[in-house]
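Trainee: Got a minute to go through a new structure with me? I'd like to start with how helices sit together.

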Amino acid sequence: MIALLVDILSGAALTAGAAFYLIGAIGMTRMPDVFTRMHAVSVSETMGVGLMALGMILQAGPSLLAIKIAFVVLVLWATGAVATHALSRAALHDGVKPLLAGPDGRLVATDCVDLFPELGVRLAQPLSSETPEERGTPLPEDGAVIAEPAPGYGPAGNTGANPDAEPDPTREGR
Amino acid sequence: MMFAVAILGVLAALSLAVIRALKGPTAFDRLLAANAIGTSAIVLLALFGFMTGRPEFLDIGITYALLNMIGTLAVLKFFRYGALGHAQDAVKEREPE
């Protein structure tokens, strides 16, 4: 009796999890830009994976196996959030413009620096949380950097919080 | 039976992610799809192990989850700095003292 109940429950969880997973993947294929696609993928990475893991845990019963599944899911939840955060931050720094509703309600690729001046200041700073002083000597002004940082937010000279920081118009969006 | 249904669903999601990885206009789309493919692979490993009665596959899944995370962050760092080390080190090596 109990076994049948557990079977039904785990079957329902597995099926629902697979459905959520598929919905997230469909969203990733059909959404219009990078940020909305990330939003869709988070559905499959939280609900989809979580429900499928619940189904597998119910099948495994109280054992080491259940603990392992729980560990995998916790790792996926933690790293999924971190990876999404890093991805969106890198995309913003790279100059990808999110699609936002324009005045007439249609989606327009908007430079969000215009909307949020605070964000412009943060984008003007290097990605690393360290200041040049913490890293050691500051980089030379005319920076002989192998990886030429995109103009506007180079590691040197531009680290002081400059409230008037504007993105370089020559910055190319991908 | 129910494992087969779940595996089919995850496989369909995997193929959709592959489509996005091939189409993706920006590199970030492709990276997002690569991350999703990695997650799908982990889930597939776990489900397939359960279906065939060999849940030891889960250990491979754990390893793959950790590697997936590191890979994504490494590629993102490469986008930003053009190198995987510190930008500072690159400058030091290049500068003739």
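Mentor: Sure, one term first: a crossing is left-handed if the near helix is turned anticlockwise from the far one by less than a right angle, and right-handed if clockwise. Helices here are DSSP runs of H or I with at least four residues, strands are runs of E with at least two, and both are numbered from the N terminus.

Trainee: And what am I looking at?

Mentor: This is a predicted model, where local features need pLDDT of at least 70 and side-chain atom pairs count only at pLDDT 80 or more, while totals for chains, interfaces and linings use all residues. Residues are numbered from 1 along each chain as written, chains are lettered from A and ligands numbered from 1 in the order written, and side-chain values use heavy atoms, without hydrogens or water.

Trainee: OK. How many helices and strands does chain A have?

Mentor: Six helices and two strands. From the N terminus, the order is α-α-α-β-β-α-α-α.

Trainee: And chain B, what pattern does it follow?

Mentor: Chain B reads α-α-α-α along the sequence. That is four helices and zero strands.

Trainee: How much of each chain is buried?

Mentor: Buried means under 20% relative accessible area, exposed means over 50%, and partly exposed is in between, with a 1.4 Å probe and protein chains only. In chain A, 40% of the 174 residues are buried. In chain B, the share is 44% of 97 residues.

Trainee: What about the surface that does show?

Mentor: Areas come from the Shrake-Rupley method with a 1.4 Å probe, and for residues only the protein chains shown count as cover. Chain A has about 9,600 Å² of accessible surface, with 65% from carbon and sulfur atoms. Chain B exposes about 5,000 Å², and carbon and sulfur atoms supply 70% of that.

Trainee: Back to helices. How do you describe a packed pair?

Mentor: By the angle between the two axes and the distance between them. Axes are lines fitted to C-alpha atoms, for helices over the stretch in contact, and angles run from 0 to 180 degrees between N-to-C directions.

Trainee: So at what angle do α1(A) and α1(B) pack?

Mentor: About 10 degrees, with their axes 9 Å apart. Therefore α1(A) and α1(B) are roughly parallel. The cut-offs: under 35 degrees is roughly parallel, over 145 roughly antiparallel, 65 to 115 roughly perpendicular, and the rest oblique.

Trainee: Which residue classes are in that contact?

Mentor: The contact of α1(A) with α1(B) has 17 nonpolar, five polar and three charged residues. Nonpolar covers Ala, Val, Leu, Ile, Met, Phe, Trp, Tyr, Cys and Pro; charged covers Asp, Glu, Lys and Arg; the others, Gly among them, are polar. Contact means heavy atoms within 4.5 Å.

Trainee: Next pair. How do α2 of chain A and α1 of chain B cross?

Mentor: The axes of α2(A), residues 34-60, and α1(B), residues 2-23, come within 12 Å and cross at roughly 160 degrees. That makes α2(A) roughly antiparallel to α1(B). The crossing of α2(A) and α1(B) is left-handed.

Trainee: Which residues meet there?

Mentor: From α2(A), A:R37, A:M52, A:M56 and A:Q59. From α1(B), B:M2, B:F3, B:A6, B:V10 and B:R20. By class, that contact of α2(A) with α1(B) has six nonpolar, one polar and two charged residues.

Trainee: What about α1(A) with α2(B)?

Mentor: Helix α1(A), residues 2-30, and helix α2(B), residues 27-51, have axes that come within 12 Å and cross at roughly 165 degrees. That makes α1(A) roughly antiparallel to α2(B). The crossing of α1(A) and α2(B) is left-handed. The α1(A) side of the contact is A:L14, A:Y21 and A:M28. The α2(B) side includes B:L32, B:A33 and B:V43. The contact of α1(A) with α2(B) divides into eight nonpolar, two polar and no charged residues.

Trainee: Single residues now. Is A:S10 buried or exposed?

Mentor: A:S10 counts as buried because its relative accessibility is 0%. A:S10 is in helix α1 of chain A. Leaving aside neighbours within four places in sequence, A:S10 contacts A:G55, A:L58, A:Q59 and B:M2.

Trainee: And B:L16, what does that touch?

Mentor: B:L16 is in helix α1 of chain B. Not counting residues up to four places away, B:L16 touches A:L22, A:A25, A:I26 and A:T29.

Trainee: Last one: where is B:E56?

Mentor: In the loop between α2 and α3 (57-81) of chain B. B:E56 counts as partly exposed, at 48% relative accessibility.
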